[in-house]
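This report introduces a protein structure to a reader who has not met it before. Please consult the sequence and the structure shown here alongside the text.

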Amino acid sequence: MFAVTATQVDPDNPLAGLTLGERPEPQVPEGWTTVTVRAASLNHHDLFTLKGVGIRAEQLPMVLGTDAAGYDEDGNEVIVHSVIGSGADETLDPKRSLLSEKYDGTFAERVVVPRRNLVAKPAALSFEEAACLPTAWLTAYRMLFDKAGLEPGSTVLVQGAGGGVATALILLGRAGGYRIWVTSRSEKKRARALELGADQVFEDGARLPERVDAVMETVGQATWAHSLKALRPGGRIVISGATSGAVPPAELNRIFFLQLSVVGSTMGSRDQLGRLARFMEQTGTRPLIDRVLPLTEAREGIAAMHEGELFGKVVFTLPG
C-alpha cells in the first residue's frame with residue numbers, strides 16, 4: 001500500500017527523512033480493525049516526529065499521521081481517534097500513545113486501530129472536514145468546554161493565530177457563545193482571525209481593553225508573561241503544548257495574589273470526539289482548511305507547515 005513514512009530524523013532538515021512509497025500491508029492484532037483511509041490531516045506532531053522529537057531511531061520506519069476519516073471493514077463512515085490506551089479516558093492512561101508513535105499512523109491507504117477508537121462520522125461532515133477533528137480540534141474542544149470552566153458570554157484570549165488549534169478555538173468559541181480575542185505578530189493573520197469571527201485582534205503583547213476570563217495558551221515562552229497579565233483575578237489559563245520554547249516558570253506571587261488558575265490540557269477522549277462531531281453537526285461549524293492535497297503530494301503540505309505558511313489545516317486525500 002502507498003504510505004508516507006519517516007525513515008530518519010533530522011532536527012534541522014526534517015523533510016530529509018520523509019519517504020513516500022509502498023509499504024507492507026498492516027498486520028491486524030486481536031481486537032483491532034482496519035480502516036480504509038479517505039482523508040488524513042497534518043499536525044505539528046508529524047513535523048516533530050521528522051525532527052526526532054518523541055521517537056527513537058530504532059522505531060523507524062514509522063508511517064506518519066494521527067488523524068483520519070474513512071471506512072471501517074463494514075463500509076461505515078468513521079473517524080479515527082488517535083490515542084491508543086485503555087480506560088474510560090484514554091488520555092489518562094500512563095501507557096497511552098498516539099498513532100505514529102508506537103503504531104503506524106494514518107498517512108496510508110489503510111490504518112489499523114483498536115475497534116474502540118472508531119467514532120461514527122456524521123453524514124453532514126465531509127471526509128476532509130472529519131479528518132481535521134481528532135487532534136487539533138479535539139484539543140481545542142477540551143480546552144474550551146472541559147478545562148476553561150467558562151459560561152457563555154465569557155471573554156477568551158487565544159494566543160497566536162494561524163495554527164490548527166488556534167483556528168479551532170476561534171470557531172468553536174464563537175459557536176459556544178464566547179467573546180473571542182486573538183493575538184498574532186502577523187498583520188495578515190490578525191485580519192484572517194477577524195474574518196473567522198474573532199471579536200477583536202491584537203499584536204503580540206498588546207495592552208488589552210480589559211482583562212479576560214480565560215487564556216488559551218499554545219505558544220509558550222513568547223506569550224506566557226502576556227497571558228498572566230491579561231487574566232482577570234480568578235481567571236484561568238489553559239495550556240496545551242508550546243511552539244516557542246518551553247513554558248517558563250509561572251510568576252507564583254501573581255498567581256497566588258490574583259487567585260489565578262493554570263491548568264494543563266491534552267487531546268480529548270474518544271467520547272469527547274463523538275460529542276465534538278455532534279457539536280459540529282448541530283452548530284454548522286466546520287474546520288478551516290488551508291489546503292487539500294493528494295497524499296502523494298504530502299511533501300508540499302509538510303514543507304508549508306515547516307515554513308510557517310499555514311492558516312488552518314492541511315488535509316491529504318486518497319481515492320475511494
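The sections below treat confidence, nonpolar cores and salt bridges in turn.

**Confidence**

The structure is a predicted model. Across the protein chain, pLDDT averages 91, and 92% of the residues score at least 70. A stretch with weak confidence is residues 252-259, where pLDDT stays under 50. For this stretch the model has 14 contacts beyond four places in sequence. Where pLDDT is low, the predicted coordinates should not be read in detail.

**Nonpolar cores**

The largest nonpolar core holds 46 residues, and those touching the most other members are Leu 133, Trp 137, Leu 172, Met 216 and Leu 276. Both helices and strands contribute to this core: helix 2 (127-130), helix 3, helix 4 (164-175), helix 5 (187-196) and helix 8 (270-283) each supply at least two residues, as do strand 11 (155-159), strand 12 (179-183) and strand 14 (212-217). Helix 3 provides the largest share, with 8 residues.

Met 216 illustrates the contacts made by one of these core residues. Leaving aside residues up to four places away in sequence, Met 216 touches Met 143, Leu 144, Ala 148, Val 156, Leu 157, Val 158, Gln 159, Leu 169 and Val 238. Apart from the largest core lies another, of 37 residues, which includes Leu 18, Val 80, Ile 84 and Ala 304.

**Salt bridges**

How many salt bridges does a search of the whole structure find? The search finds 14. The table lists three of them, with the distance between the closest N and O atoms for the first two pairs and the N to O distance for the third.

| Basic residue | Acidic residue | N to O distance |
|---|---|---|
| Arg 142 | Asp 146 | 3.3 Å |
| Arg 270 | Asp 271 | 3.5 Å |
| Arg 291 | Asp 290 | 2.7 Å |

Arg 142 and Asp 146 both belong to helix 3 (residues 133-147), where they stand 4 residues apart, about one turn of the helix. Arg 142 has a relative accessible area of 6% and is therefore buried, whereas Asp 146, at 36%, is partly exposed. This pair also belongs to a network of salt bridges that links Asp 89, Arg 142 and Asp 146.

In the second pair, Asp 271 is partly exposed at 42% relative accessibility, and Arg 270 is partly exposed with a relative accessible area of 28%. In the third pair, the relative accessible area is 22% for Arg 291, which counts as partly exposed, and 26% for Asp 290, also partly exposed.

Notes:
Residues numbered from 1 in each chain as written. Predicted model: local features only at pLDDT ≥ 70, side-chain atom pairs only at ≥ 80, totals over all residues. Heavy atoms only, no water. Salt bridge = Lys/Arg side-chain N within 4 Å of Asp/Glu carboxyl O. Buried < 20%, exposed > 50% of the residue type's maximum accessible area, 1.4 Å probe, protein only. pLDDT = per-residue confidence, 0-100. Contact = heavy atoms within 4.5 Å. Core = buried A, V, L, I, M, F, W, Y, C linked by side-chain atoms within 4.5 Å.
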